[in-house]
Amino acid sequence: MNEKNNESTIAASFRGGRSRAGLGLLAVAAILAVGLGLRGYYALTKADFHVDEGFSAAISNGTWDPGKEPAPLGRWIDSGELFSRIFSASLAVSPKTPYGAIAKSTGMDVHPPLYYWALAFARKLVGANNFALAGYGLNALLFALSLLLAAFIARRALGGWGWAALAIAPFAFSAVSASLSAFLRMYELLQFTCLLWVASAAVAIDPPGAGPKRGLALGLGIAGLFAASLLGLLTQYYFLFFLAPAALAATFVLARRLRFPTLLWGLLATVAGLYLAYRAFPQMALHLTGSYRATQSMENIAKTPLLAKAGNVAVFLGMVFRNLVSPAAVLAAIVAGIAGAINARKAAGGEAATGGKKAAARVSAPVSMAIAVTVFTLTIIPVSAPYLTARYIGAFFPLYALAFAGLVKRYVPGKSAMVVLAATGLLALAHSVLPGSAMAFHEDYAQDNAPAYMAGSEPLIVMTTQDGSWKNMLAYINLKPGRQVFVAYGRPMADVSAELRKIAATAPSGKAVALVDDLFRLQPKEGKIGYYGFFNVYAVERDQP
């Protein structure tokens, strides 16, 4: 009779476990659906493109040269023809994705080529002219893959799909993360490669199964470390800011467990991936040591006063608190953790009186890696970054969220921990749906909000300098169809007022909107109507007889 009762209890427990796992998986699926919906909403309501997104379009076209003006000079040209010439014509007629030309273009810039390769491939699939559709589709796919990887990591780290759902919700609902999905740059791909490395390390550290299955899992984990390192370094150099603390934490865990063969294989796989990335794109040596961005970062580290560095760290922490883990959630976790510690001490006193003893649970390997990445990136990026912008840390938000979830589960008692994490996700979602929460990432330049002069149909003059022609990408990527555009060069010390009136005289109406590079020392004295990124904006018309 007792054996039958035991079997019934085990069967009921198994069914209950499967039921909880099913609910957890449903929660993960629901979070993915809501996250995709939020990103779709951000993309559909996006006001304009960032200048860097113009570089994404031009580089993936395979013809961009940062030292040359891509537009024809000295004549009016239709905006559609200009857009095609700069951003899509070459890719549209190319029988294959121009991987070599893209690598050459980005080699003259400051980023590795993998994202541009992927974007060009996506554009070939949906049509070269459909730049935004291809970019949004690519980012949506990468977000979905990243969320599934984050859920996999969180399940292994925290023990169950329910906990995984709670850990990934803040990242999925974060305004920063959703805005990066609608930002056509490499940050979604960087996020994916970082999570792939952590997932692979988690499998290598704790391979599931036994016997041959365990060996196969270990081999897959090591292979994943190689692939993630290769892809990560070919995506964005901030991958190194992730890899250094993550690899150090993984090394510590394996060394503590005396798993030295696994440690050696993991190290070799990671180094091999990085080396192959360098061999595939050797220009990264110059990017990392001699580019203007590298010089700028080193000067920030060496010359910025300590107090200013601390202020920068505080600014980035504020971004995390506003967009991922609310201060209210942190406070609730602290209060619940203190209350739990007090209750645990009382219980421990009772156990000591009866000879009982309860071992404290350790933080799991993935959570250890997430904590290390959180501490390091929120220190090194604020003190070295050229701008105080959330896009520099947004790719690490899934790991920040995992670090918070791991600490909450470790120090806050059971149901209270789940309540705190659920509230964290809901607060992130509530913030993201508020008007104005979507980010345009214009911290590196200022511009008027939704300017009418860019949405109108008036002829547009772009007056630029030889040194500032890269700025023109901001105007070109945001051109509306059916508009006439005239691009002209001038010397920085020249007074361009007369030249602008002369060009306006060749427009049918004798009037035009002029974007004048702010490098010109002598700006027109009349007719200013706004400021757009790097340009003073003027309403100009021909000289009256």
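Let's start inside a helix: L196 sits in α10, which runs over residues 187-205. Bear in mind throughout that this is a predicted model. With a relative accessibility of 18%, L196 falls under the 20% limit and so counts as buried. Setting aside residues up to four places away in sequence, L196 touches L149, G224 and A228. Its C-alpha atom is separated by 25 Å from that of E53, a residue 143 places away along the chain.

**The chain as a whole**

Stepping back, the protein chain is built with 23 helices and seven strands. Its C-alpha trace spans about 110 × 50 × 45 Å along the principal axes. Half of the chain is hidden, in the sense that 50% of its 545 residues count as buried. What about the contacts between residues at least 6 apart in sequence: what percentage join residues at least 24 apart? The figure is 81%.

The accessible surface of the chain comes to about 25000 Å², and carbon and sulfur atoms account for 66% of that area. As for charge, the chain carries 46 positive and 26 negative charges, and the mean positions of these two sets are 15 Å apart.

**Helix α2 and E53**

E53, met above as the partner in a distance, has its place in helix α2. At a relative accessibility of 1%, E53 counts as buried. Beyond its neighbours within four places in sequence, E53 is in contact with K46, D48, F131, A182, F183, L184 and R185.

How does the rest of α2 fare? Helix α2 covers residues 51-61, and because 11 of its 11 residues are buried, α2 is largely enclosed by the rest of the structure. Among these buried residues are V51, D52, F55, I59 and N61. The cover over α2 includes α3 (79-87), α4 (89-93), α5 (99-107) and α6 (114-126), along with α7 (131-158) and α22 (472-477). Just after the helix comes G62, with a positive phi near 90°.

**Two helices with a buried side**

Helices α15 and α20 each have a buried side and an exposed one, and the table gives their dimensions.

| Helix | Residues in helix | First to last C-alpha | Expected at 1.5 Å a residue |
|---|---|---|---|
| α15 | 12 residues | 16 Å | 16 Å |
| α20 | 19 residues | 28 Å | 27 Å |

In α15, the buried residues are A294, S297 and N300. They cover an arc of only 125° around the axis, and therefore lie on the same side of α15. The spacing makes sense in light of a general point: an α-helix has 3.6 residues a turn, so residues three or four places apart point the same way. The cover over the buried residues of α15 includes α14 (284-289), α16 (306-323) and α18 (365-384). Which residues are exposed on the other side of α15? They are Y292, M298, A302 and K303.

In α20, the buried set consists of A417, V420, L421, T424, G425, A428 and S432. Their arc around the axis is only 130°, which puts them on the same side of α20. Turned away from that buried side is a face carrying the exposed residues K415, V419 and L426.

**Two loop residues with positive phi**

Moving on from α20, the loop between α20 (414-432) and β2 (446-447) holds F441. Phi of F441 is near 60°, a positive value in a residue other than glycine. Is F441 buried or exposed? At 1% relative accessibility, F441 counts as buried.

A450 lies in the loop between β2 and α21 (452-455). Phi of A450 is also positive, near 45°, and again the residue is not a glycine. With a relative accessible area of 59%, A450 is over the 50% limit and so counts as exposed.

**W161 in helix α8**

A last stop is W161, which lies in helix α8 (residues 161-173). Apart from neighbours within four places in sequence, W161 is in contact with A21, G24, L25 and V28, and also with A151, F152 and R155. For a sense of reach across the model, the C-alpha atoms of W161 and R501 are separated by 66 Å, with their positions 340 residues apart along the chain.

Definitions and conventions
Residues are numbered from 1 along each chain as its sequence is written. This is a predicted model: local features need pLDDT of at least 70, side-chain atom pairs count only at pLDDT 80 or more; totals for chains, interfaces and linings use all residues. Side-chain values use heavy atoms; hydrogens and water are left out. Helices (H or I, at least four residues) and strands (E, at least two) are DSSP runs, numbered from the N terminus. Buried means under 20% relative accessible area, exposed over 50%, partly exposed in between (1.4 Å probe, protein chains only). Contact means heavy atoms within 4.5 Å. Accessible areas come from the Shrake-Rupley method with a 1.4 Å probe; for residues, only the protein chains shown count as cover. Lys and Arg count as positive and Asp and Glu as negative; His and the chain ends are not counted. The place of a charge is taken as NZ of Lys, CZ of Arg, CG of Asp or CD of Glu. The expected span of a helix is 1.5 Å times one less than its number of residues. The arc is that of the directions from the helix axis to the C-beta atoms.
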